[in-house]
Amino acid sequence: MSSNGLAGPGDPVESGTAPDPGTPLTRWQKFRLVVKVVELRLRFVALMAITGLTFAYWDTLWNHYDKWMRPTSDHHVSASGIEYYCPMHPTVVQGEPGKCPICGMPLGKRKKGEQAALPKGVISRVQLAPFRMTQARVKTAEVGYAPMAQTLITVGYVAIDERRLADVSSKVPGKTRVETLYANFTGMDVKKGDPLAELYSPELSQAIAELRTAQRASKGSAGLRTAAARSILGDRRKMVELSSEKLKRWGVTQVQIDEILRQGKDDYKIPILSPITGHLIKKNVVEGQEVQEGYPMFEIVDLSRVWILAQVYEHQVELVREGQTVEASVDALPGRTFPGTVEFVQPQLDPTTRTVEVRFGLENPDHLLRPGMFATVTLNTPVAETPAFQARLNTTPHHHGKTHLASLSVEEQKTCPVTTLKLGSMGDPILVEVEGRKVWTCCEACPPKLNAQPAKYLTRLEPAPVDEVLSVPESAVIDTGRRKIVYIEAEPGVFEGRVVVLGDRVGDRFPVLEGLAPGEKVAAAGTFLIDAESRLNPISAPAHADLDMTTGSDDATRAASAQHPMGH
């Protein structure tokens, strides 16, 4: 320092003392100032770089952290190489037998390093953090009962009801001549009892003469009083009856016989009467023509009721049953429908078209439906009434009513209402009394859950509502080609793949035959990403041996590659 108290050019400036603005900076001060500015800039750049790398590799860092924080089995394995694990929580592993600290289920036993066995019916398990579920847009839907109906639309044509078709023929033996023809054109309307034609036959005239002779003889002996006379009178009356019966067999009615006897003519011409009310669709005779016995002269049909004959494919036959109501429409009458019923399903299949003919009966009071018209038939079949669901209902032990629920045995109940596993698969079943009912569960972990949410689990033991079935959204189903898989949210963030048996799709939902219980939650959105994660982790998906046949595997892989790794 100089003698006047000011810092000289070579003297350092004391720490914390700002240089005099009027004093020029020394070289050392300038150097330190430059270093300070550069240091601040580098700190900002480094902070921005670290922040960017953290966002870019956040999932990778989290995966490493998750891996480091998982409990390792090396600390929980006994010296004998045996470890105990929880089938529902694979991360719980210890060297001594006991119960799972999470769910209370008895721990299973396995060798060290052996692949964890999944619960029966579960083919894979995926555990996702909440932020990963949000990132993958995973949404769940509850499985429940709902009325579902499958709509079948088929085409056919209007046909004559064969039971309302009458064939009019000559019953007089030998040749008869058409003396008069009243029904002289095809298509005319006729009523029951209207004359269609008059026939003359020599044999008919002879039979009429015999009848009249027997009738006169019967009347002539009416005054006899002796027993012999009464015997003769009885024989003559018998001749009248036999002659009348002969004419009836030839188609002559009793009214006509009475008219013959009243007129007293032997050359009576027998009228041919219409047996029904309808339309004349065939006329095979002309006036003056001679016809033999049994010759079909006329054909009449009653069109007040008609048939529709339609074809149904073999895989749709189970949706059709006799007595089912239908609606039909024809192109000639747009906007109008005709109600009807299924009257008959043919027992044989057409090998050429692979279809079965189905007959529908419809009332046709105004004769608007004409034979030969093309028709479209629509019928709705409740899924609960299809043979597949009826067969499942008949094998369900508790479908007879709610009162039977309180007395179910292990054999009758069969499955646990909490885990839906078969009773006995997790050890001896445990009897629990809840809300006045005795219910069997599969293990010790189930009673606390059952007591905590009885309404949720007891619903699974109730009989299915009438005309309602379980269903899942179409988006929740992974179709591998050989089987269908849905992912159940067993616990928050834990999804288990389960093979299910489904019916045909109805709209945007599938009816469930087997594999699910009411109240369970399935992944309805983000399913492909969950499935892709289970495939990328072979430990959690040992049952995905049919990956090469999976129809949705390519889409799932592409979806997984488009997102950040989800990890466990």
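Me: What does the accessible surface of the chain come to, and how much of it belongs to carbon and sulfur atoms?

Reply: It comes to about 32400 Å², with 56% belonging to carbon and sulfur atoms. Such areas are computed by the Shrake-Rupley method with a 1.4 Å probe, and for residues only the protein chains shown count as cover. You are looking at a predicted model: local features need pLDDT of at least 70, side-chain atom pairs count only at pLDDT 80 or more, and totals for chains, interfaces and linings use all residues. Residues are numbered from 1 along each chain as its sequence is written, and side-chain values use heavy atoms, with hydrogens and water left out.

Me: Why is Ser 471 called buried?

Reply: Its relative accessible area is 3%. Buried means under 20%, exposed means over 50%, and partly exposed lies in between (1.4 Å probe, protein chains only). A value of 3% is under 20%, so Ser 471 counts as buried. In the chain, buried residues make up 38% of the 568 residues.

Me: What makes the link between Ser 471 and Arg 509 a polar contact?

Reply: Their side chains come to 2.9 Å. A polar contact is a pair of N or O atoms within 3.5 Å; within protein, one must be able to donate a hydrogen and the other to accept it, and residues adjacent in sequence count only if both atoms are side-chain atoms. Since 2.9 Å is within 3.5 Å, the distance fits. Ser 471 sits in strand E23 (residues 469-473). Beyond its neighbours within four places in sequence, Ser 471 also has contacts (heavy atoms within 4.5 Å) with residues including Val 143, Met 148 and Phe 510.

Me: How do you know what counts as a helix or a strand?

Reply: Both are DSSP runs, numbered from the N terminus: helices are H or I with at least four residues, and strands are E with at least two. The chain has twelve helices and 28 strands. Strand E24 covers residues 478-479, which meets the minimum of at least two.

Me: Why are E24 and E25 called a pair?

Reply: Two strands pair if DSSP finds at least two bridges between them. E24 and E25 (residues 484-491) have two bridges, so they qualify, in the antiparallel sense. Asp 479 stands opposite Lys 484 there. These strands form a hairpin with four residues between them, and Gly 481 in the turn has a positive phi of about 100°. E25 is also joined to strand E26 (residues 494-502) by seven bridges, with Tyr 487 partnered by Gly 497.

Me: Which strands close into a barrel, and in what order?

Reply: Six strands do, in the order E7-E16-E19-E18-E17-E20, with antiparallel pairing. Neighbouring strands of this sheet are turned by 40° against each other on average, direction ignored. Angles run from 0 to 180 degrees between N-to-C directions, and the axes are lines fitted to C-alpha atoms, for helices over the stretch in contact. Within the barrel, five bridges join E18 to E19.

Me: Why is Arg 354, in the loop between E18 and E19, called partly exposed?

Reply: Its relative accessibility is 38%, which falls between 20% and 50%, so partly exposed is the right label. Arg 354 also has a positive phi of about 55° although it is not a glycine.

Me: What makes a group of residues a nonpolar core?

Reply: It is a set of buried Ala, Val, Leu, Ile, Met, Phe, Trp, Tyr and Cys residues joined through side-chain atoms within 4.5 Å. The largest one here has 30 residues, and those with the most contacts inside it include Leu 204, Leu 247 and Val 252. Among the elements giving two or more residues to this core are helix H4 (202-220) and helix H5 (227-249). H4 gives the largest share, five residues. Another core, of 24 residues, lies apart from it, with Val 158 and Val 358 among its members. In soluble globular proteins, nonpolar side chains tend to be buried together.

Me: Why does Gln 256 in helix H6 count as buried?

Reply: Its relative accessible area of 7% is under 20%, so the label fits. Leaving aside neighbours within four places in sequence, its contacts include Tyr 268 and Leu 273.
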